[in-house]
Structure formats: structure tokens, C-alpha cells
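Here is a short note to read alongside the structure. Keep the viewer open and look up each residue as you reach its name.

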Amino acid sequence: MTGVRRGRQPPRGRRPTIGPVSSTPPRPPGPASIARRSRWAGLVVLAVFVAVGVASRASNDLSGVLAGAALALAGGIPLFLVRSRLAPAAAAVAAAGVVLAGNGDSRDLVWFALLVVVGWVILAGGVRLGLAYWTAGVAVFAAEWLWAVRDPGWAPWTAGLTATALAMALVRHQLVLVEALQTAQAGLAERSAAEERNRIAREIHDVIAHSLTVSLLHISAARLAVETDPADAARALAEAERLARQSLDEVRGTMGLLGRGSGTPGVAPPAPGATQVPELIGQLRRAGADVTLVVDGDLGTLPATTGSTLYRIAQEALTNATKHAPGSAVQVQVDVTGDTVEFSVGSAGPPRQGTGMGLQGMRERALALGGTCSAGPDGRGWRVHACLPLSGASPAVSK
């Protein structure tokens, strides 16, 4: 019979702790944050192109060029620096100023400022709004070509405006996609943290509930025998103390599954397996419970994960049987076949409605392995039955 393997104890003066789980990792820069970070750069680029355009046409219609440059900057400053509902109107003013400054000359570099305005509108305001400004820009170049100056140079500006709009639309799409993926990642992290907390809660519930139930049986026996048989009372109290220490070790081991509080970071202490089910039943027998065990097959051949799950289900089922039907006979049956292991705990106690955390934990443990676990009245009392698969894991190594 293999004894219960205790979890590794942390060094003295150091308690196992659970590190904080960060469910909200740093968010990547999205379209809005990109716009905030690049607003000064965008305004500077716009101003540079406007200044270059003014310098290149200083000898031709200086008043009109200066008026257009002033209008472009008057609209560009609130467009880039102020986030408000007036941004589309500011973009329209800036674009009108660029058109006024570069009117009639396809060689003027001021038209780059129009590309900057349209690209910024798409990046910061959205594709739909940017599409309207792109359409207006194409219309301006077409009007310049048809009615102002018959110059084939307007075609490259139209192509450049279209390429800028497509590039900014692609950039915005990628940024929105990254934001969506980041939101999904944060949701998965939150769900993972919740599942980890639930798993630890189940482990601690199983360990403490069993330990307290068996310890109370020993303490009750000691209380009854303290006057008639002091030696037997002392043995019962010593067994209760041993179980409490063992429970504390298992709780520490469970907390150590997070990689902290153990001697080797990231290495979990060995978990109880199927070969320790007889020892589990022996604890109840020593406490005075009427429990019998029938095993058909070799428990040592069970995979480690299946054996650990079987042990935890047996622990919870026996704890419930002892707690809710004290003094009733309990029979445990384990059948190991070729590809499954069936486990049942039958109690002769009166049936009850079971909806507690323990029953839910047993079902979740079995379901996690692709098995089943049911609990309910069977005509003579209460019965827990579990069927677990043996495939998908390596056999446990008994020590």
C-alpha cells in the first residue's frame, strides 16, 4: 500500500503566495491613440507642404496663395490638435485652403498637403468619412484638369490621393484588428484567471473537507474515550493531528501548483494518485467508519491524470458519505478495464438532494478528462458513479 505523498513544504520564514494575475495586458496603440501621438507630426508635415507651396508660387498671385495657406493652417490646427465634432468641418476648411493655394498648377507641391488631410481623416475619423473626402479630392483634380488647366499632371495627383487613402485605410484596419485581438486576449486572460481560481478552490475544498470530516470522527471518538480509555483517546487525537498536518501539506502543495512557494520554481509537488485510494479508505476505517473496498484491476496502471482525478472524486464522495450518513455502511468499487476505469461509492444512508460545490467539482473533474460522473439515490441510499477514460496520458510511476 502506498502512503499519501505530501506536498513539498516551503523554506522556513517563507509562505507560499499566489502572485497577481494580470488580466489586462498593455493595450497596443489603436487609431485614436495613434492620432493623439502623431497629431503634432501631422500638423508639421501639413505646414511644411503649405510653406513649400507658398515659396514656389510667391511670384504668381501672392495674395491668393497666402490666403489659401492661411486657410489651410486655420483648418489644420483644430483638425490635428483638437478632438471634437468640428473635425470634419476643420478638414474641409484645410482642404479648401490647399485647393486655393495650389489652384491651376499641378506642379505645386502644396497638393501634398491635400493628401495629408485626406489620409489623416481616414486614420483618425474612419474610412467612411475619409471616403467622402477622397471623393471630393478626386473631384477637385478632375475639375482642375477639365476646366482650369489641361495638364496631364493631375492624373498622378489623383493616383497619389487614391494610394494614400488605400494605405491609410489598410493601416486603420490593421490597428482596429489589433485592438480587437487585444480585447479578446484580455477576455481570455480573465477567463483563464477565473478558471484557475475555481480549480484551486476545488482542490482546497476537497482536501480540507475530507481532513475535517475524518478529524472530527477522531475527535468525537477521543471525547467519548477520554475517561474510559485515555490511551485510545490519545491515539485518536494523534491521528487527528496527523491528518490536520497532512491536510496543511496538501493545501501548500495545491498553492505551489502556481510555481511559487515550492523549492523548484514551476515544478508542482506530486499529487495523490489512484494507488493511494486504499490509504484514503484506511483513514476512515481508523476513524471508525464502516467502509469496504473492492478493486478489480491494477490501480498502478492508471495514467497520472486519471489516477489523480479518481483520488479526488473518491475523497469527495467518501467525505460526503461519512458526513451525511454517519454510521452507515459504505462500499467502494473500482473496476479497471482495457480503456476505462469505473468507480462507485454506495452509501446505505438516506438519500438527499445534492447540489453543493463538491458534487459540481466531481462532475467537472470527470468532464475535464472526457468522462462522466453522476450522483443520486439508487434505491438503498446514495450512490456516486464515475467513468473515466485511460487513454491520452502516460501511466503513473508508483514510488
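Two residues are in contact when heavy atoms of theirs lie within 4.5 Å. Keep that cut-off in mind for the points on contacts. Please remember, too, that this is a predicted model.

1. Let us begin with the whole chain. The model has 10 helices and 5 strands. Of its 399 residues, 41% count as buried. The chain exposes about 20800 Å², and carbon and sulfur atoms supply 61% of that area. Among contacts between residues at least 6 apart in sequence, 74% join residues at least 24 apart.

2. Now find Thr-309, which sits in helix 9 (residues 304-324). Is Thr-309 buried or exposed? With a relative accessible area of 10%, Thr-309 is buried, because buried means under 20%. Leaving aside residues up to four places away in sequence, Thr-309 touches Arg-365, Ala-366, Leu-369 and Leu-388.

3. Next, look at strand 5 (residues 382-389) and its partners. Strand 4 (residues 372-377) runs antiparallel to strand 5, and 6 bridges join the two. Two places to check are Pro-377, which stands opposite Trp-382, and Ala-375, whose bridge partner is Val-384. These two strands form a hairpin with 4 residues between them. In the turn, Gly-379 has a positive phi of about 100°.

4. Strand 5 has another partner to trace. Strand 3 (residues 340-347) pairs with strand 5 in the antiparallel sense, over 8 bridges. Here Ser-347 has Trp-382 as its bridge partner, so you meet Trp-382 in both pairings. How many of the 8 residues of strand 5 are buried? The count is 6, so strand 5 is largely enclosed by the rest of the structure.

5. Helix 8 (residues 277-286) is also worth a look. In this helix 7 of the 10 residues are buried, and therefore the rest of the structure largely encloses it. The buried residues are Val-277, Glu-279, Leu-280, Ile-281, Gly-282, Gln-283 and Leu-284. Just after helix 8 comes Gly-288, with a positive phi of about 100°.

6. Turn to the surface for a change of view. Val-44, Val-48, Val-52, Leu-109 and Phe-112 form a nonpolar patch there, and together they have about 370 Å² of accessible area. Which element gives the largest share of this patch? Helix 1 (residues 31-56) does, with 3 residues. Val-52 lies in helix 1 and counts as partly exposed, at 33% relative accessibility. Phe-112, with 32% relative accessibility, is partly exposed as well.

7. Finally, try the aromatic rings. The model has 6 aromatic pairs. In one of them, the rings of Phe-49 and Phe-112 have centres 5.1 Å apart and planes at 25°, so the pair is stacked. Phe-49 belongs to helix 1 and Phe-112 to helix 4 (residues 111-125), so the pair ties together parts that are 63 residues apart in sequence. Phe-49 is partly exposed, with a relative accessible area of 24%. Ring pairs also bring in Trp-157, linking Phe-49, Phe-112 and Trp-157 into a cluster. Phe-112 is thus a good residue to select in your viewer: you will find Phe-112 in the nonpolar patch and in the ring cluster.

Notes: Residues are numbered from 1 along each chain as its sequence is written. This is a predicted model: local features need pLDDT of at least 70, side-chain atom pairs count only at pLDDT 80 or more; totals for chains, interfaces and linings use all residues. Side-chain values use heavy atoms; hydrogens and water are left out. Patches are made of residues with over 30% relative accessible area and no salt bridge: like charges are joined within 9 Å, nonpolar side chains (Val, Leu, Ile, Met, Phe, Trp, Tyr) within 5 Å. Accessible areas come from the Shrake-Rupley method with a 1.4 Å probe; for residues, only the protein chains shown count as cover. A salt bridge is a side-chain nitrogen of Lys or Arg within 4 Å of a carboxyl oxygen of Asp or Glu. Buried means under 20% relative accessible area, exposed over 50%, partly exposed in between (1.4 Å probe, protein chains only). Rings of Phe, Tyr and Trp (its six-membered ring) pair if their centres lie within 6.5 Å; planes under 30 degrees apart count as stacked, over 60 as edge-to-face and the rest as tilted.
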